[in-house]
Amino acid sequence: MKTPNAYYKPLAIGAPAPFRERPVSLERMIHFVPPHIEKMRAKVPDLIQKVDVVLGNLEDAIPADAKEDARKGFIQLAQENDFGSTGLWTRVNCLNSPWFLDDLMEIVPAVGDKLDVIMLPKVEGVWDIHYLDQLLAQLEARSGLTRPIMIHAILETAEGVKNVEEIAAASPRMHGMSLGPADLAASRGMKTTRVGGGHPDYAVLSDPASTGERTAYQQDLWHYTVGKMVDACLSCGLKPFYGPFGDFSDPAACESQFRNAFLMGCLGAWSLHPSQIDIAKKVFSPDPDEVAFARKILEAMPDGTGAVMIDGKMQDDATWKQAKVIVDLAKLVASKDSELAEVYGL
Ligand code: GLV
Ligand code: MG
């Protein structure tokens with residue numbers, strides 16, 4: 001572990017100082033773009049208006065023979081567009097791949113000044129973050145960047161889950177984490193071919209009723225991992241995310257998976273298909289009734305202490321803090337989304 005004194009020191013002479021307060025930004029959906037496909041790059045100006053984060057994907061789902069075109073395509077889309085308050089991220093190839101080093105060596109000098117976050121796949125432990133942290137500092141210094149590029153880890157190996165707390169605390173450059181249910185299932189030897197979501201066989205069987213009938217209640221396969229990730233992230237001031245939902249033909253199941261993650265503390269999810277953008281927007285923007293009730297709590301307890309009754313429900317210092325989480329998020333949503341600002345009355 002680094003000493004507190006060393007934690008915030010730039011890791012290269014001339015590199016920007018790490019953030020002490022992480023930037024506040026709305027990231028309800030991280031929208032994946034395959035940057036080697038020209039038709040997809042052409043959609044980016046429109047996407048910038050619709051999504052909170054545009055991510056150029058260089059890793060899985062990009063064929064090996066298109067890796068270099070994807071990297072070049074990402075640089076091109078970053079150079080050609082003005083992203084305004086929409087985030088620009090890339091998912092680079094994993095550390096042991098033949099492409100990772102060139103991903104970093106080419107992207108940071110070319111468009112590092114526009115890049116908010118690098119998503120690092122298959123993070124196993126603190127050593128992976130330290131390596132990227134150091135490399136980024138060197139490249140930032142060489143490119144004269146004045147703002148640090150942040151790191152977002154994908155939690156998608158058994159070892160990564162085991163080490164999640166150390167990963168979260170590895171560096172002030174950490175932005176957050178996403179659950180990667182496909183790689184994680186493979187790494188753990190889980191017996192599912194689904195990308196996220198539930199499984200009908202993962203269920204608890206009720207005791208037999210007097211009729212002898214029994215009901216199977218489907219459970220959430222990802223509950224344990226999401227809970228562990230949320231605690232690791234929030235204890236370090238990072239943002240937790242649900243990752244991909246692979247069945248585009250089942251929007252209800254996608255919404256349910258996103259909502260479970262939202263209720264447990266996640267702030268967004270990946271959108272891999274345009275139809276998932278609106279699902280994420282709906283789920284990760286707080287419910288207007290909840291916002292109205294939370295505002296009532298804050299107004300009834302201006303200094304956040306004491307106890308009051310609202311609509312028959314007890315409120316105290318702790319529920320004031322719960323209400324503040326909802327209202328703070330609603331304010332952030334309202335700052336970007338004028339329609340929802342009106343619905344929330346903010
Ligand atoms: C995402 O990368 C996953 O493996 O689910
Ligand atoms: Mg993966």
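## A buried pair between two helices

Arg71 and Asp103 are both buried, and in this predicted model their side chains meet in a salt bridge with a distance of 2.7 Å from N to O. Arg71 belongs to helix H4 while Asp103 belongs to helix H5, which spans residues 100-111, so the contact ties together parts of the chain that are 32 residues apart in sequence. The relative accessible area of Arg71 is 2%, and a residue is called buried when this value is under 20%.

Arg71 also forms a salt bridge with Glu106, and here the closest N and O atoms are 3.4 Å apart. Because Arg71 lies in helix H4 and Glu106 in helix H5, this pair ties together parts that are 35 residues apart in sequence. Glu106 is partly exposed, with a relative accessible area of 32%, whereas Arg71 is buried.

## Other salt bridges

How many salt bridges does the model contain by this rule? The count comes to 18. One of them joins the side chains of Asp52 and Arg28, with 2.7 Å between N and O. Asp52 sits in the loop between helix H3 (44-50) and strand E2, and Arg28 sits in the loop between helix H1 (4-7) and strand E1 (29-33), so this salt bridge links parts that are 24 residues apart in sequence. Both partners have little accessible area: Asp52 is buried at a relative value of 1%, and Arg28 counts as buried at 2%.

Some salt bridges share partners, and in this way Glu59, Asp60, Arg91, Lys122 and Asp183 are joined into one network. Lys122, a member of that network, is found in the loop between strand E4 and helix H6 (126-143). The relative accessible area of Lys122 is 22%, so this residue is described as partly exposed.

## Parallel strands with covered faces

Strand E3 (residues 87-91) pairs with strand E4 in the parallel sense, over three bridges, and within this pairing the bridge partner of Thr90 is Ile118 in E4. Strand E4 also runs parallel to strand E5, to which it is joined by four bridges; here Met119 stands opposite His152 in E5.

Is strand E4 covered on one face or on both? Strand E4, which covers residues 117-120, has both faces covered, since Val117 and Met119 on one side and Ile118 and Leu120 on the other are all buried. In strand E5 (residues 150-155), six of the six residues are buried, so the strand is largely enclosed by the rest of the structure. Its two faces can be listed separately: Met150, His152 and Ile154 are buried on one side, and Ile151, Ala153 and Leu155 are buried on the other.

## Positive phi angles in two loops

Ala61 has a positive phi of about 90°, although this residue is not a glycine. The place of Ala61 is the loop between strand E2 (53-57) and helix H4, and with a relative accessibility of 73% Ala61 counts as exposed.

Lys122, already met in the salt-bridge network, likewise has a positive phi, near 50°, in a residue other than glycine. Where Ala61 is exposed at 73%, Lys122 is partly exposed at 22%.

## Negative charge on the surface

Which residues gather in a patch of negative charge on the surface? They are Asp65, Glu68, Asp69 and Asp102. Asp69 lies in helix H4, which spans residues 67-80, and this residue is partly exposed, with a relative accessible area of 47%. Helix H4 therefore carries both Asp69, a member of the patch, and Arg71, the residue that forms the salt bridges to helix H5.

## A buried tyrosine in a loop

Tyr242 is placed in the loop between strand E9 (239-241) and helix H11 (251-264). Is Tyr242 buried or exposed? With a relative accessible area of 0%, Tyr242 is buried. Along the chain Tyr242 and Glu159 are 83 residues apart, and their C-alpha atoms are separated by 18 Å.

Note on methods. Residues numbered from 1 in each chain as written. Chains lettered and ligands numbered in written order. Predicted model: local features only at pLDDT ≥ 70, side-chain atom pairs only at ≥ 80, totals over all residues. Heavy atoms only, no water. Patch = residues over 30% accessible without salt bridge, like charges linked within 9 Å, V, L, I, M, F, W, Y side chains within 5 Å. Areas by Shrake-Rupley, 256 points an atom, 1.4 Å probe, with all protein chains shown as cover. Salt bridge = Lys/Arg side-chain N within 4 Å of Asp/Glu carboxyl O. Lys, Arg positive; Asp, Glu negative; His and termini not counted. Charge placed at Lys NZ, Arg CZ, Asp CG, Glu CD. Buried < 20%, exposed > 50% of the residue type's maximum accessible area, 1.4 Å probe, protein only. Pairing = 2+ DSSP bridges.
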